[in-house]
Amino acid sequence: MIALKGVCPIIATPFTKTGEVDYDSLQNEIYFMADHGCHGATLFGIAGEYYKLSDAEADKMVRVVVDACKEKGMPSIISVTTHATELAVKRAKYFEDQGADSLMLLPPFFLKPGAASISAHLKAVCGEVHIPVVVQYAPEQTGVTIDPSILAKIGKEASTDVYYKIECKPAGQYTSSLLQQIGGEPRVFIGNAGYQFIELFDRGAIGLMPGCSMFDLYLDIYNNYQAGNRQKAMDLHGKVLLPILNHIRQNPEMIISYEKTILQKRGIIATDYCRHPCFARDKEFDALFEEFYAQTKPYLSAGEAR
C-alpha cells in the first residue's frame, strides 16, 4: 500500500473549444506534473469540474489518468463524489479495479444528511477497498460540517489507510484536534488552495492538494519548508502565491476559469474553455490577472505550445 505525501494537485478537466473533453491535454497534464516532481495527481476534485461530466466521460478520464500515472510512476488519486452510499461503494471498488493507487472521498452533502448518515457513508466506502482513502472535509463548498471526532473514528476503524484533506476556515485548530484524536499520526493534506500552507505544516500536515496550474510554485514552497528553509518558504507563499490567489479565488468557478487560463498560457492544455454555467469574466478582472500572472510566471516551468 502506497504512503501518500507531498504535492498532489487537483487535475483540471480540459475541454476543446467546442466543449468536449480533451483527453490529449488531460494526458499532458499528468506527464507535465510527473516530469516536474509532483508526488501524485488527484482526479475529480471540486476544482476539476466533476459535476459537469457525463459518466462515460468520467470513466474514460479515469483510464487516461491511471495509465498516464502508472507510466510515469506517480500515484493516482481518484475522488468518489457519488451521494448514494450504495453507489459510492460500487464507484470506489470500480476505481480500485481500474488501477487507482488511492481514493479521495467527498462525503454526501445534498439535503444535508446528519452525522450518523455521513459516518455510515464514509465507513461503508472505507470498508470495501484495499487502497488508501483521503476523506475530504470541505464545509465551505458543501455546507456540511463534520466534527473531527467522526473523521478520527473512521480512520481508526477502517481496514485501509485513511488520510484527510482539510479545507475548513480556519483550519488550524480543526487539524490539530484531528491529529490529536488519531494519535498524532501524520495523515493530513491541506486543501483550500494552500492558503494555510505554513500554519498547517507547522501543525503536522504532510502534503497538500491545490489546483494544478501553479503546482511547481507549491513544490518550491514545500521543498524549501521540508529542507528547513522556512523563511524562503514563507516568502514564496506570502509574496508570490497569495497575491495571485487573492485575486483569482474569489469563488470556486472563478479559480477554475483562471487556473485553466494559466495552464493554457503555460502550454499544458490547448484551451481554457469551461463548460457552462461558468464564471463571467470582464476586462477589469483579466487586466489585474495579467499583472499578477506576470509576477508569478518566473516561478513556473514552461510547457510546449499546444
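Guide: Let us start with a term: a strand is a DSSP run of E with at least two residues, and strands are numbered from the N terminus. The place of Tyr163 is in strand 6. Please keep in mind that this is a predicted model.

Visitor: Why is Tyr163 called buried?

Guide: Buried means under 20% relative accessible area. Tyr163 has 3%, which is under that limit, so Tyr163 counts as buried.

Visitor: Which residues touch Tyr163?

Guide: Leaving out residues up to four places away in sequence, the contacts of Tyr163 include Ile2, Ala3 and Leu4, the run Pro132, Val133, Val134 and Val135, and also Arg187, Phe189 and Ile206. Each of them counts because it has heavy atoms within 4.5 Å of Tyr163. For contrast, take Met61: it is 102 residues from Tyr163 along the chain, and their C-alpha atoms are separated by 24 Å.

Visitor: Now the whole chain. How many helices and strands does it have?

Guide: The protein chain has 12 helices and eight strands.

Visitor: What makes the chain as compact as a globular protein of its length?

Guide: Compare two values. The radius of gyration is 18 Å, and the globule rule gives 19 Å for 306 residues; the two are close, so the chain is as compact as a globular protein of that length. Its C-alpha atoms fill a box of roughly 50 × 45 × 35 Å along the principal axes. Of the 306 residues, 57% count as buried. Among contacts with a separation of 6 or more, 74% come from residues 24 or more positions apart.

Visitor: What is on the outside, and how far apart are the mean positions of the charges?

Guide: The chain exposes about 12600 Å², with carbon and sulfur atoms supplying 51% of it. There are 30 positive and 36 negative charges, and their mean positions are 2 Å apart.

Visitor: How many salt bridges does the structure hold?

Guide: It holds 21 salt bridges.

Visitor: Why is the pair of Lys52 and Glu253 called a salt bridge?

Guide: The cut-off is a side-chain nitrogen of Lys or Arg within 4 Å of a carboxyl oxygen of Asp or Glu. In this pair the closest N and O atoms are 3.4 Å apart, so the pair meets that cut-off. It links distant parts of the chain: Lys52 is in the loop between strand 2 and helix 2, while Glu253 is in helix 11, 201 residues apart. Both residues also belong to a network of salt bridges with Glu49 and Lys260.

Visitor: Are Lys52 and Glu253 buried or partly exposed, and how do you know?

Guide: The line between the two classes is at 20% relative accessible area. Lys52 has 14%, so Lys52 counts as buried. Glu253 has 21%, so Glu253 counts as partly exposed.

Visitor: What makes Asp161 and Arg187 a pair that ties parts of the chain together?

Guide: Their side chains meet in a salt bridge of 3.8 Å, N to O. Asp161 lies in the loop between helix 6 and strand 6, and Arg187 in the loop between helix 7 and strand 7, so the pair ties together parts that are 26 residues apart in sequence. Asp161 is partly exposed at 25%, whereas Arg187 is buried at 14%.

Visitor: Where do Glu199 and Arg203 lie?

Guide: Both are in helix 8, four residues apart, which is about one turn of the helix. Their side chains meet in a salt bridge of 2.9 Å, N to O. Glu199, at 34%, is partly exposed, and Arg203, at 31%, also counts as partly exposed.

Visitor: How do you know that Asp216 is buried?

Guide: Its relative accessible area is 9%, under the 20% limit, so Asp216 is buried. Asp216 is found in helix 9 and touches Arg266, Tyr299, Leu300 and Ser301, not counting residues up to four places away in sequence. Met33 is 183 residues from Asp216 in sequence, with the two C-alpha atoms 8.2 Å apart.

Visitor: And why is Tyr293 called buried?

Guide: Tyr293 has a relative accessible area of 6%, again under 20%, so Tyr293 is buried. This residue lies in helix 12. Setting aside neighbours within four places in sequence, Tyr293 is in contact with Ile244, Ile262, Lys265, Arg266 and Leu300. Lys265 is 28 residues from Tyr293 along the chain, and their C-alpha atoms are separated by 9.9 Å.

Definitions and conventions:
Residues numbered from 1 in each chain as written. Predicted model: local features only at pLDDT ≥ 70, side-chain atom pairs only at ≥ 80, totals over all residues. Heavy atoms only, no water. Rg over C-alpha atoms; globule rule 2.2 N^0.38 Å. Buried < 20%, exposed > 50% of the residue type's maximum accessible area, 1.4 Å probe, protein only. Areas by Shrake-Rupley, 256 points an atom, 1.4 Å probe, with all protein chains shown as cover. Lys, Arg positive; Asp, Glu negative; His and termini not counted. Charge placed at Lys NZ, Arg CZ, Asp CG, Glu CD.
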